[in-house]
Amino acid sequence: MNHVIVVGSSLAGLRASETLRVGGYAGRITMINAETFAPYDRPPLSKRFLSDNWDDERIALRKGDDLQSLNIEFKNGVEATSLHTDTKKVALSNGEQLTYDGLIIATGCRVRALPGQPTADNLVMLRTLKDAHQLRGQLVPNAKVVVIGAGFIGLEVASTAKNLGCEVTVLEGLPAPLIRGLGAQMGSAFAEFHRGKGVNVRCGVKVEGFVEDAGRVTAVVVNGENVDADVVVVGVGVTPNTEWLEGSGLALDNGIVCDAYLNVGVKDVFAAGDVVRWPNAAVGETGAPELMRIEHWTNAVEQGVAAANNLLASSSGNAMTPFESVPFFWSDQFDKRIQFMGRSHADDEVEIITGSMEEGKLIAAYGHGGRLCGVLGLSMPKPVMLSKAILASKPSFADGISQLRALLA
Amino acid sequence: MKIVVDFDLCASTGGCARICPEVFEVRTDGYLYVLEENPGEELRDKVIEAAENCPTGAITIED
Ligand SMILES: Cc1cc2nc3c(=O)[nH]c(=O)nc-3n(C[C@H](O)[C@H](O)[C@H](O)COP(=O)(O)OP(=O)(O)OC[C@H]3O[C@@H](n4cnc5c(N)ncnc54)[C@H](O)[C@@H]3O)c2cc1C
Ligand code: SF4
């Protein structure tokens, strides 16, 4: 193997390249970067980058000289436009065609647009550093900020904007915030938490349109009523960046469908990060792994590493290692840190093991089909991290709860 | 002040390095390095902030 192409130069892509070097690969690495910035970290974009005016360098994933030492050829501001696995070629938006021996696809996700959504300077879909720059200057005291979608990122922006003195309204179509991540019961608790901090959280409302004036959005229409806006942030979920792979023969269905090795079905072609859908043996019944796509930081890192190691193995005729992982994410809402280990579902049983929302600290166990499926922590990071081993052993709900109690004792 | 990182918990997010680069650094091998295990008192506030912001609760400050 003399040339590895990595498409997508964010977290998963960079970790893959680094892993190739750690694994002793000394050949050429080309990273295709649709953005113009060197690889940077997204989580601060909804948090300290907005509130504390951090500069771009501060969120770089690696220091300049460290990045240089990897000896990677970056194609910045260039997109991959198609993949031809028979000739091992990737076509680029600048007209070039590159031939690879090994390929890692890490094109991640982008924010989904709402039907009829206009383009305006004061309407932001927060995913990139460019988006964060667009948003930051507009979060001034008393600005009316309307956040559409009460997912984690939407609520992080709401907290940050509120802390900056903005007047914040959150519009959510479902009956509670965070339902997809934390289920209805805890989602409602977080709605109350945000209301207590002065955020106007409106659930079960449908966005019907936008009012525009002179190229700006001046209001969002919900249930026939205008909600005035100086800034609108759309955070209604993300969609995987796979359009460029249409016609490539790869299986695309809410992400690139991979096998347990993160292989896409073609030798020496792997995928990693938010764009991947794969059978995760750490989740679901034993012998029936759940086909899932995970949109969280640690997963992108772990998959970047796993995909690169499996590429090194397959290209040298060695055995690959299946990738499995207990999903994990964190989110910061005002002064609270939410962490979740495992997987939640809308109809999970939830049992609070210790603490409460009122105390601002808690650990809750999530049960599904009689098994422990997730552990939520509010500002109690250690027990959540330690619950990973418990979740990996897939105990019954009752047994899982006793193990969690023992952990906390 | 002595800094102890529990590497079983640390996920190498680099969150601490962003707040206190004098003490923490994530390198291209994907690991967190503690550059200074016994930093001076002038860094106490920053180190406390880094510990509080660590998403895995991996950082402890002893005395
Ligand atoms: C504002 C924000 C806050 C977040 N906060 C948290 C958090 O607190 N905790 C947590 O666990 N996770 C958080 N996340 C999620 C985390 O950042 C993602 O899981 C992670 O960035 C995924 O990395 P990735 O490399 O798979 O994909 P991405 O980061 O999406 O990167 C994909 C890259 O590929 C590029 N690309 C796409 N198509 C092409 C193409 N055809 N050619 C070339 N390049 C292409 C894209 O432009 C992008 O640069 C947050 C995300 C955002 C946006
Ligand atoms: S913030 Fe915590 S998890 Fe992230 S690198 Fe630092 S110690 Fe590790």
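**Exercise 1.** From which domains of chain A does the shell around ligand 1 draw at least three residues each?

*Solution.* The model is predicted. Start with the division of chain A, which has domain 1 (3-110 + 238-316), domain 2 (113-234) and domain 3 (335-408). Next, assign the shell: domain 1 and domain 2 of chain A each give at least three residues to the surroundings of ligand 1.

**Exercise 2.** Describe the shell around ligand 1 by residue, element and class.

*Solution.* Step one: there are 34 residues around ligand 1, and A:G8, A:S10, A:A34, A:G108 and A:G273 come nearest. Step two: at least two shell residues come from each of α1 (11-22), β2 (28-33), α7 (297-315) and β22 (328-333) of chain A. Step three: sorted by class, the shell around ligand 1 holds 17 nonpolar, eleven polar and six charged residues.

**Exercise 3.** Repeat the description for ligand 2.

*Solution.* Ligand 2 is surrounded by 16 residues, with B:C10, B:T13, B:G15, B:C16 and B:C54 the closest. Two or more residues of this shell come from each of α1 (15-19) and β2 (24-26) of chain B. The class count for ligand 2 is eleven nonpolar and five polar residues, with no charged residues.

**Exercise 4.** Characterise the contact between domain 1 and domain 2 of chain A.

*Solution.* First, the C-alpha centres of these two domains of chain A are 30 Å apart. Then count the contact: eleven residues belong to domain 1 of chain A and 14 residues to domain 2 of chain A. On the domain 1 side, helix α2 (residues 48-51) of chain A gives the most, three residues. Finally, that side of domain 1 of chain A comprises five nonpolar, two polar and four charged residues.

Note on methods. Residues numbered from 1 in each chain as written. Chains lettered and ligands numbered in written order. Predicted model: local features only at pLDDT ≥ 70, side-chain atom pairs only at ≥ 80, totals over all residues. Near = placed C-beta within 6 Å. Helix = DSSP H or I, 4+ residues; strand = E, 2+ residues; numbered from the N terminus. Nonpolar A, V, L, I, M, F, W, Y, C, P; charged D, E, K, R; others polar. Domains from an automatic or database assignment.
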